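Colleague: Could you walk me through this model and tell me what lies behind each label you use?
Modeller: Gladly; let's have it in front of us.

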Amino acid sequence: MNDQPFIIFFRFAGDRDASKLYQYFALEPYEETRQGLNTSILFPADNIGPIMVDRHGDHGEALAGVSTIATKVMESRKNYDWAQNRPAEHRPYIKVIDGVNRFMWLTTVVTYKSEASEGSDSIAGSAPEVTLTDALYRRVVWMDPLKSSTAWPTDLKRELALVWKPD
């Protein structure tokens, strides 16, 4: 369970120099009554190049923030053993799918050795459960962690066809 910032490799189409490791921060409003991803900040991990800032509200986007994702994942499988498992490390997963830039949160679900050990004794060495949550529509899709992530966009299109349908 790592706190922000996450160190993530971002690949930018058409700009090989910008494709590299970044420290990623997901900023949300300060007020507890307000939620949502306000701003994404990418600091180059090697300190070379510009700091990138994306103010999501400027694009008319009302994206779910990282603080809401654990609850969404748990709501998506009510009969799952949440006493021994926890959603952890919500990282951005941004893909162009059918020509549309899709912002999602990739979450791993980790298993603990006992309920009392949360935060320190997760079971290592097994393939964790993986979810992708569409930040715009707040829909959770459970992915096959053993399947190549290059196949995930096809699975996402199938699972989210109703909400992603063009108007």
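**Labels and their cut-offs**

Modeller: β5 gives the largest share of the lining of the largest pocket, six residues. This is a predicted model, in which local features need pLDDT of at least 70 and side-chain atom pairs count only at pLDDT 80 or more, while totals for chains, interfaces and linings use all residues. Residues are numbered from 1 along each chain as its sequence is written, and side-chain values use heavy atoms, with hydrogens and water left out.

Colleague: What makes a residue part of the lining of the largest pocket?
Modeller: A lining residue has an atom within 4 Å of a pocket point; a pocket is an open set of points on a 1 Å grid over the protein atoms alone, where a 1.4 Å probe fits, with protein on both sides within 12 Å along at least five of seven lines. Here 30 residues line the largest pocket, and F10, Y93, I94, K95 and N101 lie nearest its centre. Besides β5, the elements that give two or more residues are β1 (6–10), β3 (39–44), β4 (52–55) and β6 (100–111).

Colleague: What volume does the largest pocket have, and how does its lining divide?
Modeller: The volume is about 990 Å³, taken as the space filled by probe spheres set on the points, which are joined across faces, edges and corners. The lining has 19 nonpolar, four polar and seven charged residues. Nonpolar covers Ala, Val, Leu, Ile, Met, Phe, Trp, Tyr, Cys and Pro, charged covers Asp, Glu, Lys and Arg, and the others, Gly among them, are polar.

Colleague: Why is the pair of W82 and W142 called tilted?
Modeller: Rings of Phe, Tyr and Trp (its six-membered ring) pair if their centres lie within 6.5 Å; planes under 30 degrees apart count as stacked, over 60 as edge-to-face and the rest as tilted. W82 and W142 are 6.4 Å apart centre to centre, with 50° between the planes, so they form a tilted pair. This pair links distant parts of the chain, 60 residues apart: W82 is in the loop between α1 (66–76) and β5 (85–97), and W142 is in strand β8 (residues 140–143).

Colleague: Why are W82 and W142 called buried?
Modeller: Buried means under 20% relative accessible area (1.4 Å probe, protein chains only), exposed over 50% and partly exposed in between. W82 has 11% and W142 has 18%, so both count as buried.

Colleague: What makes F103 and W105 edge-to-face?
Modeller: The angle between their planes is 75°, and their centres are 5.2 Å apart, so the pair meets the edge-to-face criterion. Both residues are buried, and they form one aromatic cluster with F10, F12, Y22 and Y24.

Colleague: How do you know that R77 sits over the ring of W142?
Modeller: The rule asks for NZ of Lys or CZ of Arg within 6 Å of the ring centre and within 35 degrees of the ring normal. R77 lies over the face of W142, at 4.0 Å from the ring centre. The charged end of R102 sits over the ring of W164, 4.0 Å from its centre.

Colleague: How do you know that β2 and β3 pair?
Modeller: Strands are DSSP runs of E, at least two residues long, and helices are runs of H or I, at least four, numbered from the N terminus. Two strands pair if DSSP finds at least two bridges between them. Strand β2 (residues 20–27) and β3 have six bridges, so they pair, in the antiparallel sense. A26 stands opposite S40 in β3.
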